[in-house]
Amino acid sequence: MRWRKDFTTGKLNIERVYLITSLPPGTASGAQLAAGIRGHWKIENLLHHVRDRTFREDDSKIRTRRLPRVMATLRNLAIGVHRQDGHTNIAAALRHTASDCHRPLTALGLTG
């Protein structure tokens with residue numbers, strides 16, 4: 001269980017959290033399970049949260065055939081290229097890159 005505070009109402013809530021694992025019962029310690037949960041949320045915060053907040057992925061109207069996967073791949077590419085260049089604020093990096101049509105190609109190593 002974990003405690004969460006709703007900052008809009010100030011109300012304190014208790015959440016029951018379930019973890020599904022393929023490990024046999026008793027083979028993982030609490031610390032190992034906690035590390036797995038933190039690892040999951042690290043991915044969620046570094047990638048999915050950025051895709052949703054910066055690219056507004058959940059609001060996308062692209063829903064048919066392969067297009068959603070293609071767009072997710074392009075978003076992941078943009079995030080990865082900017083992170084590889086050392087940017088931590090992806091939204092600011094995108095704005096900076098968008099101001100010059102040659103910057104995306106340079107970031108991808110496609111220009112000399």
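A residue is called buried when its relative accessible area is under 20%, exposed when that area is over 50%, and partly exposed in between. These legends apply those words to a predicted model.

**View 1. Glutamate 57 and arginine 51 are joined by a salt bridge.** Glutamate 57 has a relative accessibility of 18%, and because buried means under 20%, this residue counts as buried. Its partner arginine 51 has a relative accessible area of 11%, and therefore arginine 51 is buried by the rule of under 20%. Between the two side chains, the closest N and O atoms lie 3.0 Å apart. As a general point, side chains of opposite charge can pair when their charged atoms come close.

**View 2. Glutamate 57 also forms a salt bridge with arginine 75.** The N to O distance in this pair is 3.0 Å. The pair links distant parts of the chain, since glutamate 57 sits in the loop between helix H1 (30-55) and H2, while arginine 75 belongs to helix H2, 18 residues apart. Salt bridges with shared partners bring Arg51, Glu57 and Arg75 together into one network. Arginine 75 has a relative accessibility of 9%, so this residue, too, counts as buried under the 20% limit.

**View 3. Arginine 56 and aspartate 59 meet in a salt bridge.** Here the side chains come to 2.5 Å, N to O. Arginine 56 has a relative accessible area of 52%, which is over 50%, and it is therefore exposed. Aspartate 59, at 42% relative accessibility, falls in between the two limits and so counts as partly exposed. By the rule used for such contacts, the count for the model comes to four salt bridges.

**View 4. Two arginines in the loop between H1 and H2 have a positive phi.** Most residues other than glycine have a negative phi. Arginine 56, which comes just after H1, takes a positive phi of about 50 degrees. Arginine 65 likewise has a positive phi of about 50 degrees, although it is not a glycine, and this residue is found in the loop between H1 and H2. At 85% relative accessibility, arginine 65 lies over the 50% limit and therefore counts as exposed.

**View 5. Helix H1 bends at asparagine 45.** The bend at this residue is about 35 degrees. How does the length of H1 agree with what its 26 residues should span, and what are the two values? At 1.5 Å a residue, the helix should span 38 Å, and because its end C-alpha atoms are 36 Å apart, the two values agree.

**View 6. The largest pocket is lined by residues that include Phe55, Arg75 and Leu108.** The space in this pocket is about 200 Å³. Helix H2 (67-84), helix H3 (90-98) and helix H4 (103-107) are the elements that each give two or more residues to the lining. The largest share, six residues, comes from H2. Other residues of the lining include Leu74, Val81, His82, Leu94, Thr97 and Pro104. Divided by type, the lining residues are nine nonpolar, two polar and one charged. Arg75, listed here in the lining, is the arginine that pairs with glutamate 57 in View 2.

Definitions and conventions:
Residues numbered from 1 in each chain as written. Predicted model: local features only at pLDDT ≥ 70, side-chain atom pairs only at ≥ 80, totals over all residues. Heavy atoms only, no water. 1 Å grid on protein atoms, 1.4 Å probe; cavity = no way out; pocket = protein on both sides within 12 Å on 5 of 7 lines; lining within 4 Å. Points joined across faces, edges and corners; volume = space filled by probe spheres on them. Helix = DSSP H or I, 4+ residues; strand = E, 2+ residues; numbered from the N terminus. Nonpolar A, V, L, I, M, F, W, Y, C, P; charged D, E, K, R; others polar. Buried < 20%, exposed > 50% of the residue type's maximum accessible area, 1.4 Å probe, protein only. Expected span 1.5 Å × (residues − 1). Bend = angle between axes of the 7 residues up to and from the residue.
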